[in-house]
Each structure stands twice: as structure tokens, then as C-alpha cells.
Amino acid sequence: LYTTSMIQGLVEKSAGSAFKITAGYNLWDDKIKLALSYAKYYTMPLVADTNETDFDITYLPTGEFKGLSIRDRIGYMRGNTSDGEFVYNRLM
């Protein structure tokens, strides 16, 4: 239940199981943060199994804008038999 991705998780899908792995990397004195995650959702036979890959890039400015963060996340979901593949981009 706690394996949630940007596009879909078990809460939106059905009963089942899932796993998620995430790797992160910080650049330029932690002003840029990168994250890549992969999740697999096993929900057959009620709903088709899906998997989702998300890529995040976050910018953390300093100076008078310290505390602000700008993040862009791209999500790519595969495996939904009715929709095929789905790509979603969110700027936050």
C-alpha cells in the first residue's frame, strides 16, 4: 500500500503487491537533486500488472530564495492494457 508513484499506486489500482527502488544523486553542493525510481505493481487477475519509472530533478536556490524548491518530475507507466503507455510531466 505504501509503494506509491506519481501516476498510479495500489490505492488507485486494486489489491495486490508491489516493490519500488529509488536511486538519488546530489550535485553542486546539494543545489541540484536527481532521483530515478522504478516500481512494479502486481494486481492480476483483477487489473493488469503495471510498472512505472519516474525521473525527478529538483533545484534548491540559495540566498534570498533559500527554502524554495523547484521540481520537475516525469513519469512513464507501462502495462495498462486499455491505455498502453502513459507519460506524465509535472512541474512543482
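Here is a short chat about reading the predicted model shown above.

Reader: Anything I should know before I start?

Author: This is a predicted model, where local features need pLDDT of at least 70, side-chain atom pairs count only at pLDDT 80 or more, and totals for chains, interfaces and linings use all residues. Residues are numbered from 1 along each chain as its sequence is written, and side-chain values use heavy atoms, leaving out hydrogens and water.

Reader: How many helices and strands does the protein have?

Author: Helices (H or I, at least four residues) and strands (E, at least two) are DSSP runs, numbered from the N terminus. Here you get zero helices and five strands, so the order reads β-β-β-β-β from the N terminus on.

Reader: And how do I judge how spread out it is?

Author: Use the radius of gyration, taken over C-alpha atoms, and set it against the globule rule, 2.2 Å times the number of residues to the power 0.38. This protein has 16 Å, well over the 12 Å that the rule gives for 92 residues, so it is more spread out than a compact globule. Along its principal axes, the C-alpha trace spans about 55 × 20 × 20 Å.

Reader: Is Lys66 buried or exposed?

Author: Buried means under 20% relative accessible area, exposed over 50%, and partly exposed in between (1.4 Å probe, protein chains only). Lys66 has 70% relative accessibility, so it counts as exposed. You'll find Lys66 in the loop between strand E3 (50-59) and strand E4 (70-80). Across the protein's 92 residues, 29% count as buried.

Reader: How far is Lys66 from Met77 in space?

Author: Lys66 and Met77 sit 11 residues apart in sequence, and 34 Å apart in space, C-alpha to C-alpha.
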